[in-house]
Amino acid sequence: MGWVSVCKVNYVKPDFPFSAQVDDKRIGVYVIDGEYFAMEDVCPHANALLSQGFMDGDTVECPLHGALFDIRTGQCLREPGDRDLNIYPVRVNGDQIEVNLTVE
């Protein structure tokens, strides 16, 4: 699939990530200290959108059962997350945030 535009830069705020649907994938886009990150947006434990969870620094907590994930690496830091999440390379092209979805 390669690089795809998922949203405008101003759609992503430090405490308000953006959730994008690209084909069959839900992608959460986050900004931390001016750097953009993208990872799977669906918690593998309970199908909740992590972008609607609770951010604290570079982590996000699932809003349903408290699984905790590192936004930069996708690593599951606290169960019941079941597994690490896929992360995707991000680049800014003009006012668009693009994500490379071929990397898994």
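Helices (H or I, at least four residues) and strands (E, at least two) are DSSP runs, numbered from the N terminus. The model shown in these views is predicted: local features need pLDDT of at least 70, side-chain atom pairs count only at pLDDT 80 or more, and totals for chains, interfaces and linings use all residues. Residue numbers start from 1 along each chain as its sequence is written, and side-chain values rest on heavy atoms, with hydrogens and water left out.

**View 1. The whole chain, with zero helices and eleven strands.** Following the sequence, you meet the pattern β-β-β-β-β-β-β-β-β-β-β. The C-alpha trace spans about 40 × 25 × 20 Å along its principal axes. The radius of gyration, taken over C-alpha atoms, can be set against a globule rule of 2.2 Å times the number of residues to the power 0.38. For 104 residues a compact globule would come near 13 Å, and the chain has 12 Å, which agrees. Buried means under 20% relative accessible area, exposed over 50%, and partly exposed in between (1.4 Å probe, protein chains only); 44% of the 104 residues count as buried. Contact means heavy atoms within 4.5 Å. Of the contacts with a separation of 6 or more, 40% come from residues 24 or more positions apart.

**View 2. Asp23 in the loop between β2 (18-22) and β3 (25-32).** Phi of Asp23 is near 55 degrees, a positive value in a residue other than glycine. Most residues other than glycine have a negative phi, and most peptide bonds are trans. Asp23 counts as exposed because its relative accessibility is 59%. From Asp23 to Asp56, the C-alpha distance is 29 Å, with their places 33 residues apart in sequence.

**View 3. Asn47 in the loop between β4 (35-40) and β5.** Here is another residue to inspect for its backbone: Asn47 has a positive phi of about 60 degrees although it is not a glycine. With a relative accessible area of 65%, Asn47 is exposed.

**View 4. Thr59 and Asp56, linked by a polar contact.** Such a contact is a pair of N or O atoms within 3.5 Å; within protein, one must be able to donate a hydrogen and the other to accept it, and residues adjacent in sequence count only if both atoms are side-chain atoms. A polar atom of the Thr59 side chain lies 2.9 Å from the backbone oxygen of Asp56. Asp56 sits in strand β5 (residues 54-56) and, at 60% relative accessibility, counts as exposed. Thr59 belongs to strand β6 (residues 59-61) and, at 13%, counts as buried. Leaving aside neighbours within four places in sequence, Thr59 is in contact with Phe54, Leu68, Phe69, Asp70, Ile71 and Leu77.

**View 5. Ile71 in the loop between β7 (68-70) and β8.** Ile71 is buried, as its relative accessible area is 1%. Not counting residues up to four places away in sequence, Ile71 touches Tyr30, Ile32, Phe37, Met39, Met55, Asp58, Thr59, Val60 and Ile87. Glu35 is 36 residues from Ile71 in sequence and 11 Å away in space, C-alpha to C-alpha.

**View 6. The cis peptide bond between Glu79 and Pro80.** Omega of this bond is about 20 degrees. Pro80 is placed in the loop between β8 (76-78) and β9 (87-88).
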